[in-house]
Amino acid sequence: MAGKISRKAGLENRRGVQSIDVGMRILEVLAASDEALPLKTISDSVGMASSNVHRYLASFIRAGLLRQDPATSRYDLGRLALRIGLSALSRIDILELAKPELKRLAHDSGLLGIASVYGDQGPTVVHIQQPNPSVILTLALGSILPLLRSPSGLVFLAYLPEEATRSLVERELMYSSRYTISPSTPKSFAEVRRVAKEVRSAGFAINNVDISPGLRSVACPILDLQRNIVAVVSLTGPDSTLGPEHPALHDLVAVCRRLSEEAGYRAASEIAIT
């Protein structure tokens, strides 16, 4: 008898609590919306009768997870939901979450994976993941990437406020006026703004690696709740294999989207790769 009870309890644990599963579906509908929703919209979204959904909503309101606008009768997330969300965000280390993703990207694509953040000197390498066989690139942890001559730098340029990058842009434009550089490198503030707009519109950057001829790199941002850039993840390899149609770019964009969502970001629209 005890064995039967134990097996039944184990089965119930695996199945979970059905009412909680249903309640989570309702909360997910509201979390995915940009505005408060009427009862009918919520009911239609979860495929349940309005009377049944209303009981869940009433319980969530009592718990503080939801609130109801007295003027419109629409439902929205409440104070407790906000507190839970902010608490979860405060415990997330995006760079730690990015490490296993970068390892998989490098393994699956055969490309060098790099994660960088924006420091006092500019885009700074904080994690490197070599594929097998390795991609030879003279970079180490703490290396500073060019802002105008690397895809990672161009992504930071596109998503950071102009005042945050102005001094470094001025320095690199001065360098560009004195030395031979790639034709694709911006050579004026007008070109810098044009390239930044193009990268932001695309959601990623692709360019040759200026510091190592024969290599090409793609880079994508990780954004947070306020749509600020947290980090950039890039993949680097032979330029003959890496371009807009490369499957690694699609994988990279998907990974950065997931990591951005972990950081609280909600995209207004999907990034389109053409």
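**Exercise 1. Place S116 in the predicted model.** Is S116 buried or exposed? Which residues does S116 contact, and in which strand does S116 lie?

*Solution.*
- Step 1. Start with the area. S116 has a relative accessible area of 0%, so S116 is buried. The model is a predicted one.
- Step 2. Find the element. S116 belongs to strand β3.
- Step 3. List the partners, leaving aside neighbours within four places in sequence. S116 contacts T124, V125, V126, L145, S152, F156, A231 and V232.

**Exercise 2. Work out the sheet.** What is the order of the strands in the open sheet of 5 strands? Which strands are at the edges?

*Solution.*
- Step 1. Read across the sheet. The order is β4-β3-β7-β6-β5, and the pairing is antiparallel.
- Step 2. Look for strands that pair on one side only. These edge strands are β4 (122-129) and β5 (205-208).
- Step 3. Add the twist. From one strand to the next, the twist averages 25°.
- Step 4. Look at one pair. Strands β6 (residues 215-223) and β7 (residues 229-238) run antiparallel and are joined by 9 bridges. In this pairing, S234 in β7 stands opposite A219.
- Step 5. Add the helix on the sheet. Helix α7 (residues 151-159) packs there and touches β3 (112-119), β4, β5, β6 and β7. The direction of α7 makes about 30° with that of β6.

**Exercise 3. Find the buried face of helix α9.** Which residues of α9 are buried? Why do they line one face of the helix?

*Solution.*
- Step 1. Check the length. Helix α9 (residues 189-202) has 14 residues. From first C-alpha to last, α9 reaches 20 Å, close to the 20 Å expected at 1.5 Å a residue.
- Step 2. Pick out the buried residues. In α9 they are V192, V195, A196 and V199.
- Step 3. Look down the axis. The buried residues of α9 fall within an arc of 100°, so they line one face of the helix.
- Step 4. Recall the geometry. An α-helix has 3.6 residues a turn, so residues three or four places apart point the same way.
- Step 5. Turn to the other side. There, A190, K197 and S201 of α9 are exposed.
- Step 6. Step past the end. Just after α9, G203 takes a positive phi of about 90°.

**Exercise 4. Classify S51 and D76.** Which elements hold S51 and D76? Why does S51 count as partly exposed, and why does D76 count as buried?

*Solution.*
- Step 1. Locate both. S51 is in helix α4 (residues 50-63), and D76 is in strand β2 (residues 75-77).
- Step 2. Recall the cut-offs. Buried means under 20% relative accessible area, exposed means over 50%, and partly exposed lies in between.
- Step 3. Apply them. The relative accessibility of S51 is 47%, so S51 counts as partly exposed. The relative accessibility of D76 is 19%, so D76 counts as buried.
- Step 4. Look around D76. Not counting residues up to four places away in sequence, D76 touches L30, A36, L65, L66 and R67.
- Step 5. Look from S51 to K40. They are 11 residues apart along the chain, and their C-alpha atoms are separated by 9.9 Å.

**Exercise 5. Describe the whole protein.** How many helices and strands does the protein have? What share of the residues counts as buried?

*Solution.*
- Step 1. Count the elements. The protein has 10 helices and 7 strands.
- Step 2. Take the burial. Of the 274 residues, 40% count as buried.
- Step 3. Take the surface. The protein exposes about 15600 Å², and carbon and sulfur atoms supply 54% of it.
- Step 4. Take the contacts with a separation of 6 or more. Residues 24 or more positions apart account for 53% of them.

Technical notes:
Residues numbered from 1 in each chain as written. Predicted model: local features only at pLDDT ≥ 70, side-chain atom pairs only at ≥ 80, totals over all residues. Heavy atoms only, no water. Helix = DSSP H or I, 4+ residues; strand = E, 2+ residues; numbered from the N terminus. Buried < 20%, exposed > 50% of the residue type's maximum accessible area, 1.4 Å probe, protein only. Contact = heavy atoms within 4.5 Å. Areas by Shrake-Rupley, 256 points an atom, 1.4 Å probe, with all protein chains shown as cover. Pairing = 2+ DSSP bridges. Axes fitted to C-alpha atoms, helices over the stretch in contact; angles between N-to-C directions. Expected span 1.5 Å × (residues − 1). Arc of directions from axis to C-beta.
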